[in-house]
Amino acid sequence: MLSRLPKAALSIHHVAAGASRQAVRSGSVRFVSTGAPTSNAFQRALNSRAALGSAVLMTVGSVAWYTHLYGSLPFIGEVHASSPAEEGLHPPAYPWSSSGWLDSFDHSSIRRGYQVYREVCAACHSLDRIAWRNLVGVSHTVDETRTMAEEVEYTDGPDDQGEMFQRPGKLSDYMPAPYPNEEAARASNAGALPPDLSLIVKARHGGADYIFALLTGYVDPPAGVEIREGMNYNPYFPGGAISMPRVIFDGLVEYDDGTPATTSQMAKDVATFLHWAAEPEHDERKKNGIKAIILFSALTAISLYVKRFKWASLKARKIIYNPPTGKNMH
Amino acid sequence: MASFSTTLYNTVFKRNSVYVSTIFAGAFAFNMAFDVGIERFWSHWNQGKLWKDIRHKYVEAEDAE
Amino acid sequence: MASFVAKKYQTLAPTVRTLASGVPVASGISFRHAPADDHSHGGPRHDTPALFAVRFSGSAKTSYVTSSPTGVFQQRFLHTSVARRDAPQVPDFSHYKAKDDSVNRATSYLMIGAMGVLTASAAKSTVTEFLSTMAASADVLALAKVEVGMSAIAEGTNVIIKWRGKPVFIRHRTPDEIEEARSIDWKTLRDPQSDEERAKNPEWLVMLGVCTHLGCVPIGESGDYGGWFCPCHGSHYDISGRIRKGPAPLNLEVPEYTIDEGEGKIIVG
């Protein structure tokens, strides 16, 4: 016991006292905790096997009662066996050009992806949260975007007579939806609702990887899997049966920058476009991230220096008491 | 070295007003220079992928028509 | 006095001892009041004034040990039962001391200054970011400008468009109307304003169609002055949109707009 004391005592006075570790100590040291724990009847009962047994019974009983009342336990998800067929095949991690910490989107890919969306996906899928103006300075020039917007008729109004009227689109208008409402969309697609694609990359596990894997993953159903009429087999889709048929085929669109329009190229471009649509702030975010990391690590380093600097005099100083020597010392 | 640090001390650090105004002016300059530097690094790192790298294709095409 | 004490070397006997009972005893200190002592503050003790071992100079707090411990130095612990009688050796701190005081000082100031620079820069960016959240969002800004084709508006007609939820009157004025708007003595009007101030291009008059009285929308080509007439409380505006008669205090407001002659467009906003 005693051997522990000098070390602790010394460490406090280390700076002031310097190296004097050989101090010999004597005398008794008192600690706060005294004596052995007292034992009484209550504690004996608490430690008994009967107490243990009744506690176990109580716990099991409450769990059983709870599950009987409410079916499942709180905070614990329902436990069930899962298989790739139910959850969908996990998409592989593709090497996107925007994967790295410092990597921006490939904007020419966004531009091609928009073309794929417009010519293929837009037939069924809306893109509600993207306005024409969002494309400006990302994938298209102002004039191009204005021309594209003016090709679409928008309902505006009411005018002086209270009538709604049609007008060509403006930059501030949002992307036109293929169906006027959800019911119309379901009716045209055998009861299945084509989801809005604005945030689809954020809304699906795997993000852009999932989109790419899904678009290129259509295969014939394996033996033993029955797909209903009008459904298609895709291992990446949870459950395996998806209403959307394979839509992307080689040479379906003609890119204006001359890129060969293979299936995987188009899938990659449209996945990049949808990734941008879900995260338009992506490039700015990463740029700010670089700035923040550099700035705050420099600040941390300097703060540590300043802390040491400010404490140096306090930690290294020595307070010495000069006792008086006599009446007329000064 | 010693003479330089003494000069630095006497010109900048000695008067608090000069010190503080130097800090604020420095912060202003640093802010701009840092932004420019990061922007330059960003465009270098992502060369060919950014909109400004592909913009000329489409602007010229518009003018040609 | 401080320097005097600092440079004085004396061998001092320990003045504070600890009894076996743990009670400290200071036998060398006189608690008597010394009447002959000019420096006494009238208290019961006339100890040497507290002299701290550290002196501060500038910001780069260089520490000076003013007096080396002489004689027997007694280490005191919180628990006073253990007496220590060993004399501590002062370790050699020279390794940690600055080689050059002026470089050391400049470096310290420089580091603190650099921290200030970075903090100010980061704080400025943060404040700017927070303030920018109060600015109009991008979708509002996208609606903030309205373009009107000038070719569609014939001479002598009014067009009402909506801009930021308010009606905007655009009138293509005839030469007679321009003549009328410019010839009157505008300095005597209620809200004196010349027509040149109100219309960038005399042929085109662009103004907010909100009566300056209580916010009704005036009717065009009516009223006593050939301009606009507010049906709510009977304010008459002339062909330059200036208040001429009625309760309204001000002329119809002219919004910010530009006329693009090349494209043939009026851009409001």
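A cavity, as the word is used here, is a set of grid points where a 1.4 Å probe fits but cannot get out. In this predicted model, a search of the whole structure finds two cavities of 30 Å³ or more. The second largest cavity holds about 30 Å³ of space. Its lining consists of Trp96(A), Ser97(A), Ser98(A), Ala208(A), Lys268(A), Thr272(A) and His275(A). Helix α12(A) supplies the largest share of this lining, with three residues. By class, the residues around the second largest cavity are two nonpolar, four polar and one charged.

Helix α12 of chain A, residues 263-278, is also where confidence in chain A is highest, with a mean pLDDT of 95. At the other end of the range in chain A stands helix α2, residues 14-17, with a mean of 39. The pLDDT is below 50 over residues 1-27 of chain A. In the model this stretch nevertheless has 30 contacts beyond near neighbours in sequence. For chain A overall, the mean pLDDT is 84, and 84% of the residues reach 70 or more.

From the second largest cavity we turn to the second largest pocket, which contains about 1,300 Å³ of space. The lining of this pocket comprises 36 residues. Those nearest the pocket centre are Asp156(A), Arg167(A) and Lys170(A), together with Val146(C) and Lys162(C). In chain A, the elements that give two or more residues to the lining are α8 (142-150) and β2 (165-168). In chain C, they are α3 (138-142), β3 (146-149) and β4 (157-163). The most is given by β4(C), with five residues. Sorted by class, the lining of the second largest pocket has 17 nonpolar, four polar and 15 charged residues.

Chain C averages a pLDDT of 73, and 71% of its residues score at least 70. Among the elements of chain C, the highest mean pLDDT, 92, belongs to helix α2 (residues 101-132), and the lowest, 48, to helix α1 (residues 2-6). Two further stretches of chain C deserve mention. Over residues 42-46 of chain C the pLDDT is below 50, and the model gives this stretch 14 contacts beyond near neighbours in sequence. Over residues 53-58 of chain C the pLDDT stays under 50 as well, with 15 contacts beyond four places in sequence.

Chain B has a mean pLDDT of 88, and 89% of its residues reach 70 or more. Confidence in chain B is highest in helix α2(B), at 95, and lowest in helix α3 (residues 51-64), at a mean of 77.

Helix α2(B), residues 16-45, packs against helix α1(B), residues 2-13. Two packed helices are described by the angle between their axes and the distance between the axes. For α1(B) and α2(B), the angle is about 90 degrees and the axes lie 7 Å apart. Angles of 65 to 115 degrees count as roughly perpendicular, and α1(B) and α2(B) are therefore roughly perpendicular to each other. On the α1(B) side, Thr11(B), Val12(B) and Phe13(B) take part in the contact; on the α2(B) side, Val18(B), Tyr19(B) and Thr22(B) do so. This contact has four nonpolar and two polar residues, and no charged ones.

For the complex, the predictor gives an ipTM of 0.87 and a pTM of 0.65.

Key:
Residues are numbered from 1 along each chain as its sequence is written. Chains are lettered from A and ligands numbered from 1 in the order in which they are written. This is a predicted model: local features need pLDDT of at least 70, side-chain atom pairs count only at pLDDT 80 or more; totals for chains, interfaces and linings use all residues. Side-chain values use heavy atoms; hydrogens and water are left out. pLDDT is the predictor's confidence in each residue, from 0 to 100. Helices (H or I, at least four residues) and strands (E, at least two) are DSSP runs, numbered from the N terminus. Contact means heavy atoms within 4.5 Å. On a 1 Å grid over the protein atoms alone, a cavity is a set of points where a 1.4 Å probe fits but cannot get out, and a pocket is an open set with protein on both sides within 12 Å along at least five of seven lines; lining residues have an atom within 4 Å of a point. Grid points are joined across faces, edges and corners, and a volume is the space filled by probe spheres set on the points. Ala, Val, Leu, Ile, Met, Phe, Trp, Tyr, Cys and Pro count as nonpolar, Asp, Glu, Lys and Arg as charged, and the others, Gly among them, as polar. Axes are lines fitted to C-alpha atoms, for helices over the stretch in contact, and angles run from 0 to 180 degrees between N-to-C directions. Angles under 35 degrees count as roughly parallel, over 145 as roughly antiparallel, 65 to 115 as roughly perpendicular and the rest as oblique.
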